[in-house]
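Here's a quick tour for someone who likes to poke at coordinates. Load up the model and follow along.

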Amino acid sequence: MLTDYHMHTDHSGDGVTPLCAMIEGAIAKGCGEICITSHYDANYPLWLGENYEPDLPAYCRDIKAAAALYAGRITVRAGAELGLMADREDVLQKTNEETEGVAFDFLIGSLHCLGPQYVSDESEYFVGHTHLSFVEMVTQHLLTIARTYNCFDVMGHLTYFSRYSPLETKQQRYEDTPQRWDAVFEALISRGKGIEINTSTKGRLGFFMPDIDLVRRYRELGGEIVTIGSDAHVPGDIARYNAQAREMLKAAGFSYHTVFAARKPEFIRL
Ligand SMILES: [Zn+2]
Ligand SMILES: [Zn+2]
């Protein structure tokens, strides 16, 4: 079954497409099940005044109403992509409070910021770093998040900063810092959390986030939970490179990928 477990609507921030248009787009692409995952980034550095803190109960109700409308044609799950930050007690507390008791099916935990600034290729985050020192820093943030937050089901686009890096190497790999990646995976696995394959970079940059080296290692360490998501903001991007992601998962040793209902994983044969 074709699934897509990461897509955005106009409920928040950079979303431009109404919910029903995304669902119609997913049906047109042949998806059997999708999860809507609009942004919720607590205390995010503002970008042109965009709102990254939608009213989560109202947003979740919108998805469930649409899911009922489209029942029988496609399964629509209610989710969100939570922007998480390391060593930020305010973000941890606010995210916990705002998600508590909202009837989501699935929550992605994503690292979007390393400090009080959104990321771009001109970001100060990269200044003074080599590729290796930068990956060391990012994986330390991921590790802290994996160990301290409990409000998510899979960690989103593990190698997100590959998308923006102006350093000598763009792609972040397992070999850059194997021990640190192992610690991230061990923390996620021991806490019952998974990872996603984010396909949004496959076309432009030629690799998934994360790519096969990291996915294979996650499997070797006992990881079982993997969702596949396009990170689409417009209908045309839904389920892009999904078939290639499933092939990559098989090559990395997986027999299943994962979907969620009421925060519980269900496994679908690849
Ligand atoms: Zn993201
Ligand atoms: Zn996203």
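What follows walks through the metal sites, the aromatic contacts, a cavity and one strand residue of this predicted model.

## The first zinc ion

Let's start with the zinc ion (ligand 1). Its protein donors are E81 through OE, H112 through NE2 and H157 through NE2, and they lie 2.1 Å from the metal. Written along the sequence, the spacing of these donor residues reads E-x30-H-x44-H. E81 sits in strand β3, which covers residues 75–84, while H112 belongs to the loop between β4 (106–111) and α4 (131–148), so this pair ties together parts that are 31 residues apart in sequence.

How exposed or buried are these two? E81 is buried, with a relative accessible area of 1%. H112 is buried too, at 6%.

## The second zinc ion and the shared glutamate

Now for the zinc ion (ligand 2). Here the protein donors are H6 (NE2), H8 (NE2), E81 (OE) and D231 (OD), at 2.1 to 2.2 Å from the ion. Their pattern along the chain is H-x1-H-x72-E-x149-D. If you were hoping for a neat polyhedron, here is the catch: the four donor atoms subtend angles of 83 to 172° around the zinc ion (ligand 2), so the arrangement counts as irregular. For reference, four ideal tetrahedral donors would give angles of 109.5 degrees.

Which residue coordinates both the zinc ion (ligand 2) and the zinc ion (ligand 1)? That's E81, and the two ions are 3.5 Å apart. The pair of H8 and E81 links distant parts of the chain, with H8 in the loop between β1 (3–4) and α1 (19–29) and E81 in strand β3, 73 residues apart. Both H8 and E81 are buried.

## Aromatic rings

On to the rings: the count of aromatic pairs comes to 11. One of them joins Y160 and Y164 in an edge-to-face arrangement, with the centres 5.4 Å apart and 65° between the planes. Y160 has 8% relative accessibility and counts as buried. Y164 is at 19%, which still makes it buried, given that the cut-off is under 20%.

That pair also has company. F126, F134, Y160, F161 and Y164 make up one aromatic cluster.

## Charges over rings

Two contacts of this kind are worth pulling up in the viewer. In one, the charged end of K193 sits over the ring of F152, 5.1 Å from the ring centre. In the other, R219 lies over the face of F254, and the distance to the ring centre is 5.3 Å.

## A cavity

How many cavities of 30 Å³ or more turn up in a search of the whole structure? The search finds one. The largest cavity has a volume of about 50 Å³.

Its lining is made of D41, A42, Y44, G83, L84, M85, S110, H112 and C113. H112 is a name you have met already: this cavity-lining residue is also a donor of the zinc ion (ligand 1).

## A strand residue

Last stop is M155, which lies in strand β5 (residues 154–155). M155 is buried, with a relative accessible area of 1%. If you want a backbone distance to check, the C-alpha atoms of M155 and I145 are separated by 9.2 Å, and these residues are 10 apart along the chain.

Note on methods. Residues are numbered from 1 along each chain as its sequence is written. Chains are lettered from A and ligands numbered from 1 in the order in which they are written. This is a predicted model: local features need pLDDT of at least 70, side-chain atom pairs count only at pLDDT 80 or more; totals for chains, interfaces and linings use all residues. Side-chain values use heavy atoms; hydrogens and water are left out. Donors are N, O and S atoms within 2.8 Å of the metal (3.2 Å for Na, K and Ca); water is not among the atoms, so sites may look incomplete. Helices (H or I, at least four residues) and strands (E, at least two) are DSSP runs, numbered from the N terminus. Buried means under 20% relative accessible area, exposed over 50%, partly exposed in between (1.4 Å probe, protein chains only). Four donors count as tetrahedral if all angles lie between 85 and 135 degrees; four count as square planar and six as octahedral if opposite donors are over 155 degrees apart and all others between 65 and 115; anything else is irregular. Rings of Phe, Tyr and Trp (its six-membered ring) pair if their centres lie within 6.5 Å; planes under 30 degrees apart count as stacked, over 60 as edge-to-face and the rest as tilted. A charge sits over a ring if NZ of Lys or CZ of Arg is within 6 Å of the ring centre and within 35 degrees of the ring normal. On a 1 Å grid over the protein atoms alone, a cavity is a set of points where a 1.4 Å probe fits but cannot get out, and a pocket is an open set with protein on both sides within 12 Å along at least five of seven lines; lining residues have an atom within 4 Å of a point. Grid points are joined across faces, edges and corners, and a volume is the space filled by probe spheres set on the points.
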